Every structure is written in C-alpha cells, then in structure tokens.
Amino acid sequence: MDENKIDNIELKYLTVDDFQELKEATLASYAGVLNSYWKKHHIEELTSMFPEGQIVIKIDGDIAGCALSLIVDYDSIDDEHTYEDIIGGKSFKNHDPDGDVLYGIDVFIKPQYRGLRLGRRLYDYRKEVCENLNLKGIVFGGRMPNYYKHKDLTPKEYIEKVKRKEIHDPVLNFQISNDFHPVRVLKGYLEGDTASNEYAVLMEWDNIYYTKPNKKASTVKTVVRLGLIQWQMRPYKDLEDLMQQVEYFIDSVSAYRSDFAVFPEFFNAPLMAEFNHMHEPDAIRELAKFTEVIVEKLKQLSISYNINIISGSMPEVVDDKLYNVGYLCRRDGSTERYEKIHVTPDEAKVWGMQNGNKLQTFETDAGKIGILICYDSEFPELSRLLADEGMDILFVPFLTDTQNGYSRVRLCAQARAVENECYVAISGSVGNLPNVNNMDIQYAQSAVFTPCDFSFPSNGIKAEATTNTEMILVADVDLSLLKELHSFGAVKNLKDRRKDFYDVIRVNNK
C-alpha cells in the first residue's frame, strides 16, 4: 500500500454490519493458515458482551485490520491451555466482565496494508483499553510462524534465538518490540498451525498503572506525551535527504508512544542553500515551493507512525504574498493550517514576509491545543484568546540566533503557562548554516513549562533539553491537573480575571 494514497485512517468499534467485509479480510490475511473465520453470530455475541474489546482499523473506509479480545479471570486459566479452551468452542464462556486480564483472541492486518505500522496502532489501543478498565495486563498465545524452519530447536531455544535477533520471526519480533514478554510455551495451542508446529508462546504485557480496586472515588487521569525535536541545522543534499532525517526523529519519538512530534520554526531552511546565489527574497520564495510536498509527506508520516505532527513552520506563498505558516498533521489523516501573526522586523525587511491573520485552537485526540510561532509567544493577547477557547497545551516552534532572542521566547512562554493555566512546549533549532544567507548560528533549549502551583514543579519547568545539542525531549503532561487547577488552584488566573474592568477581544476574526 502506498502511504501517499491514504486520505484517512481511523479506529472504529466492530459492528455486525462489518461482518461480510471482516470475513473477506480474515480470509485474505490468513491465506489458508487458519481455514476458519468468525461467523456472524460470533460477531454478534462479541460486540454485544464486550464492544470496546472488538476493534477494526479502517483506511479510507475499508477494513485494513482487526483486533478481538475478551476479559478473563487469569487465575481461572490453566497454565497449559489451548486457544479452544479460551474461546470455549466459540461460545466465549470464559469472558468475565469482572475479570482482571485482557486476553487477545485475534489480530491481523490485511497483506496490502502491512508495513504501515497498523499493528502497533491496534496493540496501543489494547493497552489503552487495559489501562482504562484498570486490568492487570494483556495476554495471548503468540504464533511462531517461522518455527517450522528450525524444528531442530526446542521451542525455548527458538524463542531465545529470536530474542537475540539470531532468527527473524515476524510475529514474535513484533510482539517483543511492542513491550510484550514471553511467559511460557503452550503445546498444542492452535490445531492446524503447522508453521508453528502447533506451539504458541504465551505473551504478556503488564499494566504498570494497575491499581487494586477499592471503593474510594478516583479521578481518571488523561496523560499526554510530548515529543519535542531539537533540530540540528546542517546541509542536506536534497529534499529526500532532509525528509529522511525528519522521519528518523518521528520514528524516535513515536517509539516512546508520544502523542505529538514537534518541529521548530523554519526547520527546512537548509534547502535554501541551493538558491544562495539569489537575492534573499527570491531564495525564500524558492524554498516555499517545497512546502506543499513536505506537508503531504508529514501527513503520511503522521498516519504511518500514529502520531500528531506539528510541522514547526515553513514559508508559503498565497496570492503572491509570502507568509510564515505551519501545519498540524493529525494521525487520523486530517490537517490544519496556522499562521505567524507577528513576523519579526528581520523577516519583513529581508524576505518581505507578511503578517498572518489566522488564529484558532485545534481539537486533537490528546486535548485542545494552540500553536504560536516564535515571536507570537511574546504577545500575551494571542494566547489569552486561545485560553478562552479552552486550550490545554500551547506549542511554540521557534528559531532564535542569540541567547537574548531565546530568552525572550523562553521567559514569555513561561509567563503564558502561568497566566493561562496551560502547558507550553517550545521547540527550537541548533547549529548553523554558513551556506545560507540570513541564517545565522542558532541558539536553543527546547522545554516544557507548566503553571506554578502545588501539583506542578515549583519552578514551572517540567522538562528541558540540553542547550545547543541535537536531541529529542519526551515529557508527559497530565491534562486532568489543569482541570483541578482551574477550580482548586492556590490562585486562579483564568477565573480571577476582571472582565468587568478589561477584556481581550478580536478585532479581525478571519
């Protein structure tokens, strides 16, 4: 499947209406390894008794994969059990709504959609269900599809060689890379699975957030993981070379299950080296010709790596006017555009860049966010308008050449976090581009800032990168703490505003 041809990707609960398409997808995926598929009454029963455990992943409306599961009482399962023991002759009699473990009974990706990391997305969904239902963990019998090639080895020896990367097993390798660990070998687990010689590995994932059930009320936490990319300015031979580095960083932060990957302002400036013989305003307009292609590539990467990408910013020409803009590429395939409202004197003087007029919050699957590009963070009215719309996290991609410029962005970002009772994440570039005019040595220290109250760090700094070093910064922010702060904070900056005395309003709401 060509990633560039995907317009939309989404996870949906399986329904009975999906039966015929699910049947065809199952047969295509197993290709005779398993000569049976789920009947319609099985789907009816599964979706009725445990709807959130039955999920399909759809690409442009078509089923690309599926994950089915039950809840079981782990202590009631024999150590040496079979697949048939779990599904109970497909009567699912072992499903126990009061059980403590999620048991995976089926997962697959259709052949034409493999290689898009959709399996990781299904596994991540199962982990979220497990955490939300406060279950101890996830277990399932994992096949060993390459074991038939190594029958001279015992199953235990085979597993050890797979773990040491001496043998490649696509199923076991994938499961281990997704934080599952082998518990024991199950003999005669799946009848007819000749590739595995009917062996399976009981795989387990432990929910570290599991808490023993009690009668006390508890607050459901919503934790969002931010992945900031402190980008190194360096020469690249072409767009493909630059995008290879972009994907490297996206892969890095997505491996930590980050919800966002954040790039700095003008991260694509190295491509301007090809036009360094031109007058600066002409050179940056040539750079702007890459923006559409880069956005499309970022869109596909957001889908493939299951992560929301904030593109920092890039130059863009609209109606022959030059703007500093960026794009939010959501992991469901949708995109949104934002503009720099206040361009710096240098941007206007050297490049002829125009002020933008678009300001809004964006709904995401990890909270409501706002994005202000660099200099915009130094104007408190903008973030106040976004806070009035319910912003949880403010992202500030920036580009500063001196410590003075960086300090302005940093100190203002910290102020925005306090006054708007939100998280603020800033992401900048380091290094230099001696072969690009008007691009000096860069100074940056990417960071995540918080309000200053008892539930947060006393200095308002959640995490910060090493100054002037290429790296990623991964940090968790708890959105539920913001809700508590709004009502129970030592001070209430949002509620205590004297709107009877002053207010911040939009004059132009394009």
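**Entry 1. Salt bridges between the domains**

I began with the interface of domain 1 and domain 2, and the rule finds two salt bridges across it. The model is predicted, and I read each entry below with that in mind. I looked up one pair by name: Arg117 forms a salt bridge with Glu247, and their closest N and O atoms are 4.0 Å apart.

I then counted polar contacts between domain 1 and domain 2 and recorded seven residue pairs, both partners at pLDDT 80 or more. Next I asked which helix gives the most to the side of domain 1 that touches domain 2. I found helix H4, residues 118-132, with six residues. I also sorted the residues on that side of domain 1 by character: seven are charged, three are nonpolar and none is polar.

**Entry 2. Domain bounds and buried area**

I noted the bounds from the domain assignment of the protein chain: domain 1 covers 9-206 and domain 2 covers 223-488. Taken over C-alpha atoms, the centres of the two domains are 39 Å apart. I entered the contact as 10 residues from domain 1 and 13 residues from domain 2.

The size of an interface is often given as the accessible area lost when the parts come together, so I looked up that value next. Domain 1 and domain 2 bury about 890 Å² between them, and 33% of this lies on carbon and sulfur atoms. I asked which three residues supply the most of the area that domain 1 buries against domain 2. They are Ile9, Arg117 and Arg121, which supply 55% of that area. Arg117 thus appears twice in my notes, here and as the salt-bridge partner of Glu247.

**Entry 3. Gln245 in helix H7**

I turned to Gln245, which lies in helix H7, residues 239-254. Is Gln245 buried or exposed? I recorded Gln245 as buried because its relative accessible area, 18%, is under the 20% cut-off. Leaving out residues up to four places away in sequence, Gln245 touches Trp231, Arg234, Tyr236 and Glu470. With Glu470 there is also a polar contact of 3.3 Å between the side chains.

**Entry 4. Tyr158 in helix H5**

I placed Tyr158 in helix H5. Its relative accessible area is 0%, and I therefore listed Tyr158 as buried. I then asked what Tyr158 touches, not counting residues up to four places away in sequence. The list holds Met144, Asn146, Tyr147, His150, Leu153, Ile167, Asp169 and Leu172. For Met144 I added the backbone separation: Met144 and Tyr158 are 14 residues apart along the chain, and their C-alpha atoms are separated by 9.1 Å.

**Entry 5. Positive phi at Lys165 and Asp319**

I looked up phi for Lys165 and noted a value near 65°, positive in a residue other than glycine. Where does Lys165 lie? Lys165 sits in the loop between helix H5 (155-163) and helix H6 (170-177). I marked Lys165 as exposed because its relative accessible area of 61% is over the 50% cut-off.

I made a parallel note for Asp319, where phi is near 55°, again positive in a residue other than glycine. Asp319 belongs to the loop between strand E11 (314-318) and strand E12 (321-329). Its relative accessible area is 72%, so I entered Asp319 as exposed.

Conventions
Residues are numbered from 1 along each chain as its sequence is written. This is a predicted model: local features need pLDDT of at least 70, side-chain atom pairs count only at pLDDT 80 or more; totals for chains, interfaces and linings use all residues. Side-chain values use heavy atoms; hydrogens and water are left out. Domain bounds come from an automatic or database domain assignment. Contact means heavy atoms within 4.5 Å. Buried area is the accessible area (1.4 Å probe) that two parts lose on being put together, summed over both. A salt bridge is a side-chain nitrogen of Lys or Arg within 4 Å of a carboxyl oxygen of Asp or Glu. A polar contact is a pair of N or O atoms within 3.5 Å; within protein, one must be able to donate a hydrogen and the other to accept it, and residues adjacent in sequence count only if both atoms are side-chain atoms. Helices (H or I, at least four residues) and strands (E, at least two) are DSSP runs, numbered from the N terminus. Ala, Val, Leu, Ile, Met, Phe, Trp, Tyr, Cys and Pro count as nonpolar, Asp, Glu, Lys and Arg as charged, and the others, Gly among them, as polar. Buried means under 20% relative accessible area, exposed over 50%, partly exposed in between (1.4 Å probe, protein chains only).
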